[in-house]
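Student: I have not looked at this structure before, and I would like to learn how to read a few of its features with you. Could we take them one by one?

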Amino acid sequence: MTDYEQEAWGARLGAALREATPDPALDDRIMAAIRRAPGVDLSRRPGRVWRVLAFAAGIAAVFVLGRMTARPVAARGPDPGPSAANQPLVRFVVRAPGARQVSLVGDFNDWNQEATPLAQESAPGVWTVEIPLASGRHEYAFVVDGSAWLPDPAAPQVADADFGRPNSVILVSSRGL
Amino acid sequence: MEGAVDQAVDVTDATVVAQVLAGDVDAFRFLVARYRDRMWRYARYMLGSREEADEAVQDAFVRAYRALEHCQDPARIEPWLFRILTNRCRTRASRRLRYERTFVPPAGDTEWAVREVAHPEDRLAWREEIGRALLTLDERSREAFLLKYLDDQSYEEIAARTGDGISALKMRVRRACARLKEILEEPDHD
């Protein structure tokens, strides 16, 4: 194929593909997701006040990329299917003394800080939540009192380089390892 | 707000970004309306389905919104948005490869043939054939081809967006074109 033929062929295919159009309702869905997401101010680095220390809680069925202070924990069930009932259950634990509320945000809940609140159960200042997660790579962070965005402070730069701040990352395997 | 978005074609990206950072969330719709079509088309043919494209584009815009204050050059937000989308598509494509496997119709199952495509239904069928053929390419070749011929980017722009070298990109695009031609111009089966 000559350069000219390549250009003509590529241009022809590109022109055909450019006729595809998204669903007109996509804009509304995007804006709805944005309104559910934490505000722009939440993307600022957390201050000293919310020096949150997460701690390990064991690991069984989840791969963890890098060293994280918030350890997703074990899971149960065989190969996870598309429904939540068949997905590994992952526990997130974070120590946030003095916090009034803590929520978990991630690509699995559209970064919606109202979707997955943590509860204080075992000890004061220790917040936990268990959620089913599909197998695959997930990025997440904690939001404390609706205003402090807290990716794992001890995690390496494991998230993608879209912006300057990484999120924490876990890999959930389909076999629960 | 939607009407304002449609009419406000002269509003610069930098102005919109400043408005959003000042607390006007709805102003972000300007950016969505301005770039959604191009971003969606890229994701559609990179990932192979409308549903995955919807999710990838939504994800990219949400991430862009969350990180808006980190955008170094709001006057030229487009490359930044597309870099986020490219990363999102790469993540999704690799996840799918790891856990699902891309569906590609077996050879001979589809009648590949170039034909005149004036009728709207034929054009749709032609696009779908191209889309299936694109899925037979490796991910990086598909990415390079789409950035070059769907998004009309120069090799320099593609290199800046993907971090790949220009000669490697040219080679990928050349091979992608040859492969697509081989598939799409295969004579009808008797």
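Tutor: Let us start with a pair of strands, keeping in mind that this is a predicted model. In chain A, strand S3 (residues 102-106) and strand S6 (residues 136-144) pair in the antiparallel sense, and five bridges join them. Within this pairing, Val105(A) stands opposite Ala141(A) in S6(A).

Student: Which residues of S3(A) point one way, and which the other way?

Tutor: The general idea is that in a regular strand the side chains alternate between the two faces of the sheet. In this case Val102(A), Leu104(A) and Gly106(A) point one way from S3(A), while Ser103(A) and Val105(A) point the other way.

Student: Is strand S3 of chain A mostly covered or exposed?

Tutor: Strand S3 of chain A is mostly covered, since five of its five residues are buried. The residues pointing either way from S3(A) are thus all buried.

Student: Let us turn to chain B. How many helices and strands are there in chain B?

Tutor: Chain B has nine helices and zero strands, and read from the N terminus on, its elements run α-α-α-α-α-α-α-α-α. Of the 190 residues in chain B, 51% are buried. If we take the contacts in chain B between residues at least 6 apart in sequence, 65% of them join residues at least 24 apart. The accessible surface of chain B comes to about 9,000 Å², and carbon and sulfur atoms account for 47% of that surface.

Student: How many aromatic pairs does the structure hold, and why is the pair of Phe28(B) and Tyr65(B) described as edge-to-face?

Tutor: Over all chains the structure holds five aromatic pairs. To classify a pair one looks at the angle between the ring planes, where over 60 degrees counts as edge-to-face. The planes of Phe28(B) and Tyr65(B) stand at 80 degrees, with the ring centres 5.5 Å apart, so this pair is edge-to-face. The pair links distant parts of the chain, for Phe28(B) belongs to helix H3 (residues 28-47) of chain B and Tyr65(B) to helix H4 (residues 50-66) of chain B, 37 residues apart. Both Phe28(B) and Tyr65(B) are buried.

Student: Which residues form an aromatic cluster in chain A?

Tutor: Phe92(A), Phe108(A) and Tyr140(A) form one aromatic cluster.

Student: And which residues lie over the face of Tyr42(B) and of Trp9(A)?

Tutor: Arg161(B) lies over the face of Tyr42(B), at 5.2 Å from the ring centre. Lys181(B) lies over the face of Trp9(A), at 4.5 Å from the ring centre.

Terms used:
Residues are numbered from 1 along each chain as its sequence is written. Chains are lettered from A and ligands numbered from 1 in the order in which they are written. This is a predicted model: local features need pLDDT of at least 70, side-chain atom pairs count only at pLDDT 80 or more; totals for chains, interfaces and linings use all residues. Side-chain values use heavy atoms; hydrogens and water are left out. Rings of Phe, Tyr and Trp (its six-membered ring) pair if their centres lie within 6.5 Å; planes under 30 degrees apart count as stacked, over 60 as edge-to-face and the rest as tilted. Helices (H or I, at least four residues) and strands (E, at least two) are DSSP runs, numbered from the N terminus. Buried means under 20% relative accessible area, exposed over 50%, partly exposed in between (1.4 Å probe, protein chains only). A charge sits over a ring if NZ of Lys or CZ of Arg is within 6 Å of the ring centre and within 35 degrees of the ring normal. Contact means heavy atoms within 4.5 Å. Accessible areas come from the Shrake-Rupley method with a 1.4 Å probe; for residues, only the protein chains shown count as cover. Two strands pair if DSSP finds at least two bridges between them.
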